[in-house]
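Walk through this protein chain with the coordinates open. Begin with a single side chain, then move to the cores, then to confidence.

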Amino acid sequence: MRFVSALLVLSLSACASLQQTSSADDSPPGTAELIGEGTLSTAANEYNPSLSPDGRTLVFARSEPEFRNARILVSHLRDGRWSPAQPIAFTDERYSDTDPTFSPDGNTLYFISNRPALDRDSARTDLDIWRVPRVQEGWGTPEHLGAAVNSRAQELGPTWHDGSLYFASSRGGRARMLDIYRSREGATGFGAAEALDEVNTEASDSDPEFSRDGRTLLFWSDRAGAAARQTCTRADARLRAGQPPGCWRARSTRRGSTSRLRSPPTGGGSTSRA
């Protein structure tokens, strides 16, 4: 869940940039354009957009200030125009549903919710990660991803990459602070979530998203000052099979809200501070 997300177009522009640019491209992003003014983009908060692989279905979250009453909405591209956004079929007005993201094949939608589950204490109100299959007639039944992925803290911003679910969580014991985690799915379900120590800092790091080639990870962070400086860590990148250990560089925007990690093609050597 992004902290500053008043306009859908800003997040949507970032999403499109991830799909269209490679990790070797240092060119500045294009100019953001408002999309669906009054229908997709409104006076409410619109954020965390995700496009289906065919580019014809858009899901995103809408909420009141402070992310109250969050809902997942869906819009379809028809005759070159996006249809008015409607609540997605499985959303429930009694609970908060947000941070939707398609799997790479478009057949599954991951999201977060505070709705009840069989393996979840009914008194809990924290956000957990769920998924729902896309079926011929729409959407199936949402599935809670269980204790291997979820905790009693907040889980936010899920994304799927190379057989693993990446997400943010406040389970680290630091009040209101977020770190990025990964859980691999195997034949018997999800494995225990592991923190991405080569990415996380003492600040909050959240909402991971990968470039199409899998070599660039984007996320937001509230790190500042010395914590925002480039550090070089020899670690198994594991973001793409066969890549050797290498150095990563983190680049923060002037707003301090977004960082970018990159592994050099050689997989080694130091990099200059961006």
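**From one serine to the cores**

Start at serine 206. Beyond residues up to four places away in sequence, serine 206 touches Leu156, Ala168, Leu178, Ile180, Phe219 and Trp220. The model is predicted. Serine 206 lies in strand β16, which covers residues 205–210. Is serine 206 buried or exposed? Its relative accessibility is 0%, so serine 206 counts as buried. The side chain of serine 206 also makes a polar contact of 2.9 Å with the side chain of aspartate 207.

Leu156, one of the residues touched by serine 206, leads to the largest nonpolar core. That core has 15 residues. Ile129, Leu145, Val149, Leu156, Leu165, Phe167 and Phe190 touch the most other members. Strands β7, β11 (155–161) and β12 (164–169) each give two or more residues to this core. The largest share, three residues, comes from β12.

Now take isoleucine 129. Leaving aside neighbours within four places in sequence, its contacts include Phe111, Ile112, Leu145, Val149, Leu165 and Phe167. Polar residues join in too: among the contacts of isoleucine 129 are His144, Asn150 and Glu155. A second, separate core has twelve residues, including Ile88, Phe102, Trp130 and Trp139.

How far can the coordinates be trusted? The protein chain averages a pLDDT of 75, and 70% of the residues score at least 70. Confidence is highest in strand β7 (residues 108–113), at a mean of 97, and lowest in strand β19 (residues 258–262), at 35. Residues 2–25 have pLDDT below 50, with 55 contacts beyond near neighbours in sequence. Residues 225–274 stay under 50. Where pLDDT is low, predicted coordinates should not be read in detail.

Key: Residues are numbered from 1 along each chain as its sequence is written. This is a predicted model: local features need pLDDT of at least 70, side-chain atom pairs count only at pLDDT 80 or more; totals for chains, interfaces and linings use all residues. Side-chain values use heavy atoms; hydrogens and water are left out. Helices (H or I, at least four residues) and strands (E, at least two) are DSSP runs, numbered from the N terminus. Buried means under 20% relative accessible area, exposed over 50%, partly exposed in between (1.4 Å probe, protein chains only). A polar contact is a pair of N or O atoms within 3.5 Å; within protein, one must be able to donate a hydrogen and the other to accept it, and residues adjacent in sequence count only if both atoms are side-chain atoms. Contact means heavy atoms within 4.5 Å. pLDDT is the predictor's confidence in each residue, from 0 to 100. A nonpolar core is a set of buried Ala, Val, Leu, Ile, Met, Phe, Trp, Tyr and Cys residues joined through side-chain atoms within 4.5 Å.
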